[in-house]
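Morning, everyone. I'll take you through one structure today, starting inside the protein and then moving out to the DNA. Please have a look at it first.

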Amino acid sequence: MEKYELLYQEAIKLELMSVSEAKEFQNNLRKMLSFCDFNISNDIKILGLDVSYKNNLSKASAVVFSLKDKEIIQTSVSRCAVRFPYIPGFLAFREVKPLIAAMRDITVDFDVVMVDGQGIAHPRRAGLACHIGYILKKPTFGCAKSRLFGKELGELGPKKGSFVALVDKNETIGAVLRTQDNVSPVYVSVGNMINLTNAIEITLKCSFSRIPEPLKIADKLSKIMAEV
DNA sequence: GCGACAG
DNA sequence: ATCTTGTCGC
């Protein structure tokens with residue numbers, strides 16, 4: 001059986017859930033997550049995941065980026081019928097299955113997963129990156145282009161690398177991070193098996209423009225797929 | 001009731 | 001996310 005077949009079967013269950021079932025699933029998921037240290041070396045490989053849409057079809061892409069060589073070493077894609085609507089807070093039930101399907105042809109090893117969306121910066125601490133990280137059992141974090149939940153603690157500096165905490169009550173749930181001088185920030189939050197400091201460092205190491213390279217390439221690839 | 005709201 | 005032209009700014 002193929003490497004991701006069992007995970008795909010699990011992913012199918014998500015898009016068949018009702019919103020109330022989805023909410024309950026997330027409240028259970030949050031208890032299953034762990035946020036440990038991740039050792040960042042100079043030659044880690046990062047899996048970038050993104051989804052595009054066209055005519056009620058989702059086009060997902062998975063790309064493996066080598067931090068040492070600064071290049072993509074493998075890509076894989078999927079095309080699926082959309083089965084779950086976009087509802088803020090429930091993106092995982094729309095995108096996890098296409099994303100797992102997109103990994104079908106990934107055969108090289110990767111160390112960490114970067115997802116286009118939130119991790120625990122979510123009302124129930126269970127964003128898309130948490131679902132992916134829990135299913136894959138790999139260090140995973142989210143890097144989103146806009147905010148879903150939480151408030152910024154303080155003023156963000158203009159230089160690359162500056163960040164402020166994204167908080168809810170007294171809890172830090174993510175970071176608003178500047179990936180280049182004078183560009184709008186991205187929203188980084190952990191998904192599973194990694195801590196926020198690691199996630200910020202990895203994001204900065206692979207950012208050569210506003211959007212970190214693994215997501216930039218994954219976005220480009222999924223959009224090309226969407227046109228076909 | 002009102003405003004906010006990943007992709 | 002997607003629909004969409006030109007255009008302001010570095």
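Start with empty space: the largest cavity holds about 40 Å³. Keep in mind that this is a predicted model. How many cavities of 30 Å³ or more does a search of the whole structure find? Two.

What lines the largest cavity? Glu15, Tyr53, Ser58, Ala81, Val82, Arg83, Phe84, Arg94 and Pro98 do. Sort that lining by class and you get five nonpolar residues, one polar and three charged.

Now the second largest cavity. Its volume is about 40 Å³. The lining here is Glu2, Lys3, Tyr4, Glu5, Tyr8 and Arg104. Four of these lining residues are charged, two are nonpolar and none is polar.

How do we look for such spaces? A probe the size of a water molecule, rolled over the atoms, shows where empty space is left.

On to the DNA. Take strand C. Which residues are around DNA strand C? They are Ser52, Tyr53, Lys54, Lys145 and Lys223. You have met Tyr53 already, in the lining of the largest cavity. Strand 1, residues 45-54, gives the most to this surface, with three residues. By class, the surface near DNA strand C has three charged residues, one polar and one nonpolar.

Which part of DNA strand C comes within 4 Å of the protein, sugar and phosphate or bases? Sugar or phosphate, for 100% of those atoms. Look at the contacts. Tyrosine 53 places a backbone N or O atom 3.3 Å from a phosphate oxygen of DNA strand C. Lysine 54 uses a polar side-chain atom, 3.0 Å from a phosphate oxygen of that strand. For lysine 145, a polar side-chain atom is 3.2 Å from a phosphate oxygen of DNA strand C.

Next, DNA strand B. It is surrounded by 20 residues, and the closest are Tyr86, Gly89, Lys145, Ser146 and Arg147. Of the DNA strand B atoms within 4 Å of the protein, 52% belong to sugar and phosphate.

Bases come into the contacts here. A polar backbone atom of phenylalanine 90 is 3.2 Å from a base nitrogen of DNA strand B. Leucine 91 has a backbone N or O atom 3.1 Å from a base nitrogen of DNA strand B. Arginine 147 goes to the phosphate: a side-chain N or O atom lies 2.6 Å from a phosphate oxygen of DNA strand B. Strand 1 and helix 3, residues 92-102, are the elements that give two or more residues to this surface. Its classes are eight nonpolar, six polar and six charged.

That's my tour. Thanks for listening.

Key: Residues numbered from 1 in each chain as written. Chains lettered and ligands numbered in written order. Predicted model: local features only at pLDDT ≥ 70, side-chain atom pairs only at ≥ 80, totals over all residues. Heavy atoms only, no water. 1 Å grid on protein atoms, 1.4 Å probe; cavity = no way out; pocket = protein on both sides within 12 Å on 5 of 7 lines; lining within 4 Å. Points joined across faces, edges and corners; volume = space filled by probe spheres on them. Nonpolar A, V, L, I, M, F, W, Y, C, P; charged D, E, K, R; others polar. Near = heavy atom within 4 Å. Polar contact = N/O pair within 3.5 Å; in protein donor to acceptor, adjacent residues only side chain to side chain. Helix = DSSP H or I, 4+ residues; strand = E, 2+ residues; numbered from the N terminus.
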